[in-house]
Amino acid sequence: MLRFVVGKIVMAALVALTVSIISFSLLHLSGDPAVAMAGENANDAAIQAIRETYGFDRPLIVQYGDWLFSALRGDFGESYYFRMPVTQIIADRLQITMLLGLLSITFALVLSIPLGVAAALRPNSLVDRAALFVSVVGQAIPSFWFGLILIVVFAIDLRLLPASGAKSWTGFVLPTIVLGYYATPAIMRLTRTGMLDVLSADYVRTARAKGLPARKVIFKHALRNAIIPVVSLAAVQMGFMLGGSVVVESVFALHGAGYLAWESISRNDLPTMQALVLIFSMFYIAFTVLADILNAWLDPRLRVA
Amino acid sequence: MVEMSVTAPGSAPLRLTPRQRAWKRARRHRGLVFGGAVLAVIVALAIFAPLLAPYDPYLQTLSERMKPPVFLGGSFAHPLGTDALGRDYLSRLLYGARVSLFIGLVAATISALIGTTLGVLAGYFGGRVDTVITFLINVRLALPVVLVALAVVALLGGSLTVVVSVLGLLLWDRFAVVLRSATRQVRTIEYVAAAEVLGASLPRILYKDIMPNVANQLIVVATLEMAHAIILEAALSFLGLGVQPPTPSWGLMISEGKAMLLFQSWLITIPGVALFLLVLAINMVGDGVRDVTTPEGRD
Amino acid sequence: MSLMRIASSKCVRPLTACAAILSASLFAGTTADAGQADDTLNAAFTKEVENVDLYYTTAREGLILSHSVWDGLTYRDPVSGKYVGNLATAWRWIDDTTLEFDLRKGVKFHNGEPFDADDVVATVNYVVDPKNGVKAPQNVNWMKSAEKVDPYKVRIHLVAPFPAALEFLSSVVPIYPNEYYAKVGPSGMATHPVGTGPYKVESVEPGRHFVLKKNEDHFKGPKADATIGTVDIRTIPEVNTQLAELATGGLDLIWGVPTDQAEMLQAQGGFQVMNKETMRVGYITMDAAKRTGDTPMANKKVREAINYAIDRKGIVDALIKGSAQVIDSACSPIQFGCDQDVKTYDYDPEKAKALLQEAGYGDGFSVEFYAYRDRSAAEALMNNLSAVGIQPHLNYLQYAALADKVRQDGIPVGFMTWGSNSIADVSAILPEFFGGGGQDQARDKEVMEAIETGDTSIDEEVRKESYGKALKRIADEAYWVPLWTYGTNYAMSEETDFEPTSDEIVRFFDVKWK
Amino acid sequence: MLDPSPILSIRDLSVALPEGGDRPHAVTGLSIDVRPREIVCIVGESGSGKSVTAFATMGLLPKALRPTGGEIRVDGRDLLSISAKDHAAMRGRTLAMVFQEPMSALNPCYTVGEQIEEVFAAHTAMSRAERRQRTLALMEEVKLPDPQRIHRSYPHQLSGGQRQRIVIAIALALDPRLLIADEPTTALDVTTQAQILALFRQLREKHDAGILFVTHDFDVVAEIADRVVVMQKGRIVEEGSVDAVLNRPEHPYTRHLISAVPRRHPQARDTAPATPVALRVEGLEKSFQTPGTMFRPGTPIRALAPASFSVGENETLGIVGESGSGKSTLVRWLVRLIEPSAGKVEIGGVDVAGLDRRAFRPYRKDIQIIFQDPYGSLNPRRTVGDQLIEGPVNFGVSPKAAMERARELMRIVRMDEDAVERYPVQFSGGQRQRICIARALAVEPKILIADEAVSALDVSVQKEVLKLNDVKTRLGLTLLFITHDLRVAGEVCDNVMVMEKGEIVETGSVVEVFGHPRHPYTRSLLDAMPGKGWDVPDLGAIAEQELS
């Protein structure tokens with residue numbers, strides 16, 4: 001298992017390195033950072049001054065090396081926009097995004113796994129059709145539109161929940177639903193097909209032949225096996241969610257990292273932007289590695305091999 | 001596979017060819033029929049937009065701004081009302097179908113080409129090729145799509161070409177993942193070995209033996225990604241970085257109508273519903289194709 | 001099919017029901033969970049302000065905070081437009097490049113540090129040093145240095161004669177506590193700001209949330225003492241969310257509301273909606289200097305044609321609305337030196353077509369059209385252009401990217417705006433766009449010289465005349481299409497008492513409860 | 001020995017097939033009794049309904065299948081009328097079952113020990129220690145080595161035979177009254193099969209259970225059955241004592257099946273005259289790399305020790321061995337589906353081993369292969385004709401001429417010419433295998449390799465396909481016949497080569513090898529063959545007549 005995990009981690013590190021190069025070069029091409037820093041009312045001299053002060057005239061490779069080396073020590077430089085260490089700005093906002101991500105994935109799992117299992121137990125039943133409906137709608141509904149509609153209904157019409165902000169837990173309810181719903185269809189479908197496959201597997205038949213009660217057959221023998229691919233998917237979805245939080249955070253005025261990333265792109269705040277792309281990628285990579293480890297623990301074939 | 005070992009109903013030779021069988025199943029698959037019908041209607045509306053649209057979708061009449069649709073008290077002069085520049089909403093909606101379909105089709109085609117090539121090569125050759133391509137897939141998956149798309153569009157400026165290319169270049173991962181495993185599976189089936197033994201060249205094997213047998217999965221992923229591209233374009237437009245005005249794209253219409261969400265919510269509801277229906281229809285077709293072409297046809 | 005029924009009912013709901021509910025009940029009244037009851041004014045910023053330290057932000061939100069938290073040496077009365085003493089009580093020109101100030105005594109910073117000449121000297125000398133990377137250098141680089149004459153008298157030395165000195169000192173040169181600033185530096189100031197103004201900063205979550213508390217020890221100067229105990233400012237980027245919060249009582253004061261929404265809000269009743277004219281002007285810039293290569297815009301007839309093609313009044317009436325007005329001169333009419341006696345181009349598409357014909361573009365041409373805000377106005381302008389045969393292709397960029405492009409390569413045609421930093425003097429706009437710098441798309445020697453004369457003179461008549469000369473030539477040569485001024489829409493709860501000013505600066509100390 | 005009261009008594013059972021099946025009922029009008037200490041074998045070909053009977057009794061039928069009539073009584077209770085919960089409570093305690101696929105019958109996520117203990121946990125109030133105690137004892141009983149270690153092993157760490165013993169242990173845990181075994185040895189190697197069958201015989205003695213044993217293999221029946229029930233298309237066609245049914249079958253279908261069983265003792269053949277060598281293999285060797293990680297190269301595993309042999313023109317060489325013996329590696333190597341590590345292969349006197357893939361291509365024409373799985377070896381998306389002309393077209397024949405030839409080949413393998421226009425799914429397994437043969441013959445090879453080509457087929461179909469052997473003689477082919485089934489090899493081959501763990505351990509004529517095996521491994525293989533005590537009666541001619 002150790003070798004399996006170490007292998008995964010090394011692969012992840014290589015992916016991370018490549019991603020860092022891509023994000024650096026990609027984002028470093030997006031316009032002249034000096035102009036962005038100078039802002040809407042700056043003149044030429046100001047821009048030239050900024051260009052020199054921040055070393056934008058150096059070769060890209062030098063800038064990259066410099067950036068990566070600092071990043072490894074947790075120093076992403078100073079935000080061009082906020083004039084504060086990027087790490088400090090992000091750390092603050094990441095909490096909100098992470099909280100939102102965790103709540104959302106929990107919401108998605110709590111909604112989709114029972115639904116997927118129920119659907120698989122009774123294919124073509126009402127539950128199955130309801131589950132199918134949930135997933136089909138979830139795939140087709142644009143999240144920003146969904147968010148706006150929820151605001152209209154729950155915040156303005158019914159006045160049950162706040163329309164924006166993260167002042168209290170109630171502010172997280174709507175964003176969690178929107179973001180969580182985004183991941184629901186995929187997880188539910190995988191749970192359903194996984195359960196269907198497993199329920200027709202020979203070992204489930206063996207378990208039934210032993211005379212185990214249905215509950216035990218379903219939860220101990222079937223779900224345990226069906227859940228393994230779901231773990232990987234949930235990790236992937238969690239990574240996607242953090243990236244997809246841009247839209248949701250913007251709609252609900254949650255000042256998390258996703259929203260910060262979008263703002264940073266629009267104001268060419270390179271250090272923040274690079275740090276965020278890298279951090280989002282790292283989170284994705286970390287989640288998948290975590291899922292691999294969890295899978296190794298869940299699946300003895302990987303654990304012992 | 002209890003079914004197989006107990007009754008082996010699948011072992012009885014069938015009278016129909018695979019295509020006839022799929023067609024027969026397709027006609028009985030309600031989701032596929034419904035999705036196909038909706039999709040067909042939208043495609044027809046898009047194709048015949050110039051004939052059907054009551055106005056030029058670009059015609060501004062500043063004195064006729066934000067007239068409500070007919071079911072909210074508007075007149076039949078503008079059945080779906082007008083937008084903030086007095087342009088006929090129905091006409092824009094019809095022309096917008098062209099843009100959404102175009103974006104979906106082209107982006108899905110680009111990503112299908114990239115993803116299928118990588119996936120099939122990885123699945124067929126395995127070994128080092130597979131390692132390298134898997135690595136590429138992992139790198140691609142680790143990049144946050146929305147952010148990267150935003151950054152690139154912000155850099156290059158939003159235009160139909162840029163948006164379509166960016167989406168096409170970013171959405172190939174699922175093609176690669178699915179076709180890799182499908183090809184891997186097909187690769188081990190003995191008809192591939194048989195073709196090799198019969199002296200078939202590699203391109204011929206890929207074309208004749210691999211592709212036809214992974215095609216159904218390709219179609220399913222293609223529909224998913226087409227829907228995905230359409231939704232992503234709308235999201236980019238929502239964030240102000242999608243297709244550029246005055247192009248009547250649905251995503252753009254939602255983005256423009258968003259300003260009046262609290263007062264004239266039909267401005268976003270109409271294109272929102274259109275978008276929802278289109279994506280729904282495409283997904284249902286995709287699900288249907290999968291159900292119909294899966295050998296066991298689990299339904 | 002059940003799927004379809006449910007789907008349609010789900011989708012139709014907001015379409016019909018929401019529209020009805022919204023118009024009927026939503027804005028029926030505000031709840032009193034905030035606002036007057038707990039003496040807290042809840043306001044919203046649309047944009048994340050990068051720094052509360054004005055020297056490190058160019059955002060308007062920075063100016064707004066700065067006005068409430070800090071003071072300049074002078075202060076421009078927003079109503080009369082006159083300059084009055086603030087941290088200074090009197091001033092005099094020693095020569096063309098030296099200004100002397102008598103400082104107010106007994107003023108204390110929020111942290112208790114007393115205010116004196118050292119604070120002024122330290123602040124000025126710090127910000128003029130290019131090493132310190134002030135974000136908008138043009139705000140400070142007209143000063144060379146500051147010199148302490150005695151504890152309550154300082155002299156500021158200018159680089160060159162600078163007529164707008166008092167305007168700048170009033171708005172963009174807040175004075176910082178020297179000891180505190182030396183200790184904590186810009187990053188400390190960003191998170192724990194200390195000033196002399198009517199409000200002190202209680203807490204800062206950078207970019208997101210600012211809480212101001214009434215400064216009980218505020219000195220008796222030109223700024224009124226604050227009356228509202230707490231100002232709570234959150235950044236809410238979505239206008240709809242701001243409106244929703246206003247509707248549900250979560251906010252008391254918002255501004256920058258788009259005109260359509262403002263009108264709707266006003267129609268609903270239950271709120272105060274105001275529109276106030278500002279110094280921001282919209283314009284179309286054209287590449288007369290062939291910076292983008294050989295372009296039709298180098299032809300004066302084409303530029304004139306474009307001027308005639310634009311239905312400014314039509315667009316203002318339909319889209320911009322409020323207090324906006326059509327302008328003919330390349331500046332805001334409120335600004336000093338903004339001569340209105342220039343050539344005008346009334347909407348005349350036929351004449352535009354004729355001019356294009358004369359210029360050899362009878363079949364029209366297509367052109368890249370750039371814009372960064374007011375997308376619907378941009379689309380309306382494009383519509384005007386295509387009506388006379390010019391096919392514009394829109395490039396809608398972020399401001400930074402567009403400004404970069406203008407500076408680097410120039411753009412053939414672009415719709416842009418300029419707010420002059422709320423400085424009521426044409427020197428805040430003309431040199432920027434016609435002084436030969438990066439944003440100058442005309443590069444007209446005659447114009448440049450006239451502006452130079454105006455910029456370096458402190459004689460008001462000389463300035464007026466030379467700026468007028470420049471503006472006349474700009475209009476004659478049709479370098480710009482001056483479009484319109486902008487108004488800002490303010491929306492507030494009924495219990496909020498606030499009179500907006502044309503400099504777009506919300507002075508929280510002037511906000512009261514009714 | 002007959003106990004008057006049967007443990008299992010099935011009366012007039014009918015199970016409906018879902019619509020669209022090839023017949024309305026999976027089983028109909030079925031009645032069977034099983035008494036304590038009795039092994040009743042149900043024999044039949046695939047689709048005969050034998051497994052349905054077993055699953056119906058266990059209450060494990062797939063949802064699509066519903067019993068529509070009759071009763072299944074165990075201990076006097078009708079299992080068809082009790083609740084699902086009561087039925088579940090009887091499973092494991094009164095009724096137990098052993099399945100065909102030991103590889104997939106155990107849950108990969110739990111230790112085998114836990115999976116056995118679960119039975120005790122579900123049905124008894126035993127303490128933990130007691131459960132463990134009983135489990136270890138059971139493992140001893142089914143002859144698993146080192147029960148302590150196996151108890152904490154996961155299924156994937158055990159061999160197929162060991163897993164099947166675990167499944168049997170699970171079934172025996174609570175001393176069930178009725179044990180149902182569904183093809184429990186079909187997926188096992190012949191030596192393992194012999195051990196498991198022996199285990200069943202012992203169990204019958206030790207426990208009082210009645211055993212219902214489902215199989216398709218008459219040799220297995222001969223090995224362990226007390227009574228035999230023969231099923232065809234959902235009905236019982238013949239029933240009786242093992243002696244009566246096997247040696248004096250009455251029903252034509254039974255006779256047909258039994259006549260298809262390969263003879264155990266190969267008749268001495270006219271020793272084929274020594275012919276010129278068609279294929280000579282010298283020092284052929286193959287090792288695989290285990291998949292390495294990023295840091296470590298994989299370790300080589302030898303799949304094939306240096307092997308040398310030659311086959312004459314027109315000769316049929318059988319290559320026999322159990323799974324893992326290297327026989328498949330050998331033939332995949334010969335058709336160059338895998339690359340050799342070392343060695344020499346001469347086809348018609350030319351060494352082709354040294355040629356790279358491209359240079360080897362012209363020689364592909366000379367050496368063709370037929371695979372085991374008739375369902376996998378035809379591309380479902382291409383018509384039969386399209387696949388038949390693949391080879392000739394690749395070697396330069398015009399598609400039109402190739403299609404002519406394809407129709408002719410269809411006739412040669414005794415199929416309808418029009419088959420070329422149809423798709424593989426439209427044919428049965430036996431027909432598909434004939435199409436595969438036709439496809440291989442289309443390029444007119446000199447050497448034909450049949451890799452377990454009939455193993456997946458029912459005996460009667462097997463027989464039909466094997467009859468094509470005469471085609472071989474007519475075309476003057478050299479045949480390499482790879483099989484794990486010694487009986488089939490004995491029936492078909494001139495000479496036999498026995499392989500074990502990648503090495504050739506014995507070569508010789510069929511009569512020599514089967515009659516006087518020299519190598520101990522060969523001997524153990526022959527000893528393990530089931531049904532040694534039964535001489536297949538010569539019914540062939542009669543059966544053929546009666547059926548036609």
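Biologist: Which residues of α5(B) meet α6(B), and what makes them a contact?

Modeller: In α5(B) they are Leu118(B), Leu121(B), Ala122(B) and Phe125(B). In α6(B) they are Gly127(B), Val129(B), Asp130(B), Ile133(B), Thr134(B) and Leu136(B). These count as contacts because two residues are in contact if their C-beta atoms, placed from the backbone, lie within 7 Å. The model is predicted: local features need pLDDT of at least 70 and side-chain atom pairs count only at pLDDT 80 or more, while totals for chains, interfaces and linings use all residues. Residues are numbered from 1 along each chain as its sequence is written, and chains are lettered from A and ligands numbered from 1 in the order in which they are written.

Biologist: What is the make-up of that contact by class?

Modeller: Seven residues are nonpolar, two polar and one charged. Ala, Val, Leu, Ile, Met, Phe, Trp, Tyr, Cys and Pro count as nonpolar, Asp, Glu, Lys and Arg as charged, and the others, Gly among them, as polar. Asp130(B) is therefore charged and Gly127(B) polar.

Biologist: What are the angle and the distance between the two helices, and how is the angle taken?

Modeller: α5 (residues 89-125) and α6 (residues 127-142) of chain B pack at about 145°, with their axes 7 Å apart. The axes are lines fitted to C-alpha atoms, for helices over the stretch in contact, and angles run from 0 to 180 degrees between N-to-C directions.

Biologist: Is the crossing left-handed or right-handed?

Modeller: α5(B) passes α6(B) in a left-handed crossing. That name applies if the near helix is turned anticlockwise from the far one by less than a right angle; clockwise gives right-handed.

Biologist: How many helices and strands does chain B have, and what makes a run a helix?

Modeller: Chain B has 13 helices and zero strands. Elements are DSSP runs, numbered from the N terminus: helices are H or I, at least four residues, and strands are E, at least two. The C-alpha atoms of chain B fill a box of roughly 75 × 45 × 30 Å along the principal axes.

Biologist: Which elements of chain B have the lowest and the highest mean pLDDT?

Modeller: Helix α1 (residues 2-6) has the lowest, 34, and α5(B) the highest, 91. pLDDT is the predictor's confidence in each residue, from 0 to 100. Chain B as a whole has a mean of 83, with 92% of its residues at 70 or more. Over residues 1-11 of chain B the pLDDT is below 50, and beyond near neighbours in sequence the stretch has 25 contacts in the model.

Biologist: What are the corresponding values for chain A?

Modeller: Chain A averages 81, and 89% of the residues score at least 70. Among its elements, α2 (residues 33-38) has the lowest mean, 60, and α5 (residues 86-121) the highest, 89.

Biologist: Which residues of chain A does UniProt list as "transmembrane region"?

Modeller: An unreviewed entry lists, among them, residues 94-118 and 226-255. UniProt positions are given in the numbering used here, feature names are shortened, and annotations may be inferred rather than shown by experiment. In the model, residues 94-118 of chain A are 100% helix and 0% strand, with end C-alpha atoms 35 Å apart. Residues 226-255 of chain A are 87% helix and 0% strand, with ends 37 Å apart.

Biologist: How many residues of chain A are in contact with chain D, and which element gives the largest share?

Modeller: 22 residues of chain A are in contact with 29 residues of chain D. The largest share on the chain A side, seven residues, comes from α9(A). That side divides into nine nonpolar, five polar and eight charged residues. Chains C and D, in contrast, do not touch; their nearest C-alpha atoms are 25 Å apart.

Biologist: Why are β6 and β10 of chain D edge strands?

Modeller: The open sheet has six strands in the order β6-β7-β8-β3-β9-β10, with mixed pairing. β6 (95-98) and β10 (235-241) of chain D each have a single partner strand, so one side of each is left without a neighbour in the sheet.

Biologist: What makes β7(D) and β8(D) a pair?

Modeller: Two strands pair if DSSP finds at least two bridges between them. β7 (residues 178-182) and β8 (residues 210-215) of chain D run parallel and are joined by five bridges, and therefore pair. Leu178(D) has Gly210(D) as its bridge partner.

Biologist: Which strand of chain C does a hairpin join to β7(C)?

Modeller: The hairpin joins β6(C) to β7(C) through two residues. Six bridges link β6 (residues 143-150) to β7(C), running antiparallel, and Glu147(C) stands opposite Arg155(C).
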